[in-house]
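Me: Please look closely at one helix in this predicted model and explain how it sits in the rest of the chain. I would like each step of the reasoning spelled out.

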Amino acid sequence: DSIVTWNDHVEVQYCAIRKMPAKMMSYLLYGPAILKRNIAAFKPDIIHYQIGGNFLFTRFGVKRTVPYLLTIHGISLEEAKVNRSVKKKLTMYWNGYITQLLRPRNIINISAYSKALVNIADNTKHPIIYNAVAQAFFNIPVKTEMTNRLLYVGVINERKNLMALLEAM
């Protein structure tokens, strides 16, 4: 594990996970303990999964006292249909089915297309937020009963627009 400080308000803790021949086994066997440890240490108000598939195995055995959601792309099953490599095709089908099986109730879709692919009824628990995190979505009053702490589970890169999320909090 390592910790990187981006600025006075943002600290990123990278958590190493033991590699195994199948990533699924790493996430299933070691992921829950890592997530529990971080929940206990960080005490987040919400847990945001940015990745589905095997990564959702980290939820196993973790008490659901902290609400969590998934920004879902819903594209794995579609990518599997057009991929030429058998290995990639199988991986995409696997990730798509695991995401459908293990996805949380609260989902953010990045487009109407992804929402249609995962067959989610149109309701407020499953909004569409374009570009994953739209600043307008967070134009709400600060909740004084919360500490505005977010435990983010996923890839950190510019496309995820995490700085907008942190600025909104």
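Reply: Accessible areas are worked out here by the Shrake-Rupley method with a 1.4 Å probe. On that basis, the protein chain exposes about 11,000 Å², and 58% of this area is supplied by carbon and sulfur atoms. The model is a predicted one, and every value below is computed from it.

Some context for the whole chain comes before the helix. There are 169 residues in the protein chain, of which 35% are buried. Its secondary structure consists of 6 helices and 6 strands, arranged along the sequence as β-β-α-α-β-β-α-α-β-α-β-α. If we take the contacts between residues at least 6 apart in sequence, 50% of them join residues at least 24 apart.

The helix to examine is α4, which covers residues 86-102. Its length can be checked with simple arithmetic. The helix has 17 residues, and at 1.5 Å a residue it should span 24 Å. The C-alpha atoms at its two ends are 24 Å apart, so the model agrees with the expected value.

Next comes the question of which residues of α4 are hidden. The buried ones are M92, N95, G96, I98, T99 and L102. When the helix is viewed down its axis, these residues fall within an arc of 170°, so they line one face of α4. The general reason for such a pattern is that an α-helix has 3.6 residues a turn, so residues three or four places apart point the same way. On the other side of α4, the residues V86, L90 and L101 are exposed. The cover over the buried residues of α4 includes strand β4 (68-72) and helix α3 (76-82).

One buried residue can be followed in detail. N95 is located in helix α4. Its relative accessible area is 18%, and the cut-off for a buried residue is under 20%, so N95 counts as buried. If neighbours within four places in sequence are left aside, N95 is in contact with G53, N54 and S76.

From α4 the account moves to the strands. Strand β4, already named as part of the cover over α4, pairs with β3 in the parallel sense over 3 bridges. In this pairing, I47 stands opposite Y68 in β4. Strand β3 (residues 46-49) is also joined to β6 (residues 150-153), by 4 bridges, and these two strands run parallel as well. Here H48 stands opposite Y152 in β6. β3 therefore has pairings with both β4 and β6.

These elements also share a nonpolar core. The largest such core has 18 residues, and those touching the most other members are L35, I39, I47, Y49, L151 and V153. Two or more residues of this core come from each of α2 (31-42), β3, β4, α4 and β6. The most, 3 residues, come from β4. As a general rule, in soluble globular proteins nonpolar side chains tend to be buried together. V153 shows what membership of the core looks like in terms of contacts: leaving out residues up to four places away in sequence, V153 touches L35, I47, H48, Y49, Q50, I51 and F55.

Helix α2, another contributor to the core, can be put through the steps used for α4. It has 12 residues and reaches 16 Å from its first C-alpha to its last, close to the 16 Å expected at 1.5 Å a residue. The buried residues of α2 are G31, P32, I34, L35, N38 and I39. Around the axis they cover an arc of only 160°, which means they lie on the same side of α2. They pack against β2, α1 (23-29), β3 and β6.

Just after α2 comes K43, with a positive phi of about 55°, although K43 is not a glycine. This residue lies in the loop between α2 and β3. Its relative accessibility is 58%, and the cut-off for an exposed residue is over 50%, so K43 counts as exposed.

Strand β2, one of the elements that α2 packs against, has a partner of its own. Strand β1 (residues 2-7) and strand β2 (residues 10-14) run antiparallel and are joined by 5 bridges. V4 stands opposite V12 in β2. The two strands form a hairpin, with 2 residues between them.

To return to the helix: α4 has its buried residues on one face, β4 and α3 are included in what covers them, and α4 is one of the elements giving two or more residues to the core.

Conventions:
Residues numbered from 1 in each chain as written. Predicted model: local features only at pLDDT ≥ 70, side-chain atom pairs only at ≥ 80, totals over all residues. Heavy atoms only, no water. Buried < 20%, exposed > 50% of the residue type's maximum accessible area, 1.4 Å probe, protein only. Contact = heavy atoms within 4.5 Å. Expected span 1.5 Å × (residues − 1). Arc of directions from axis to C-beta. Core = buried A, V, L, I, M, F, W, Y, C linked by side-chain atoms within 4.5 Å.
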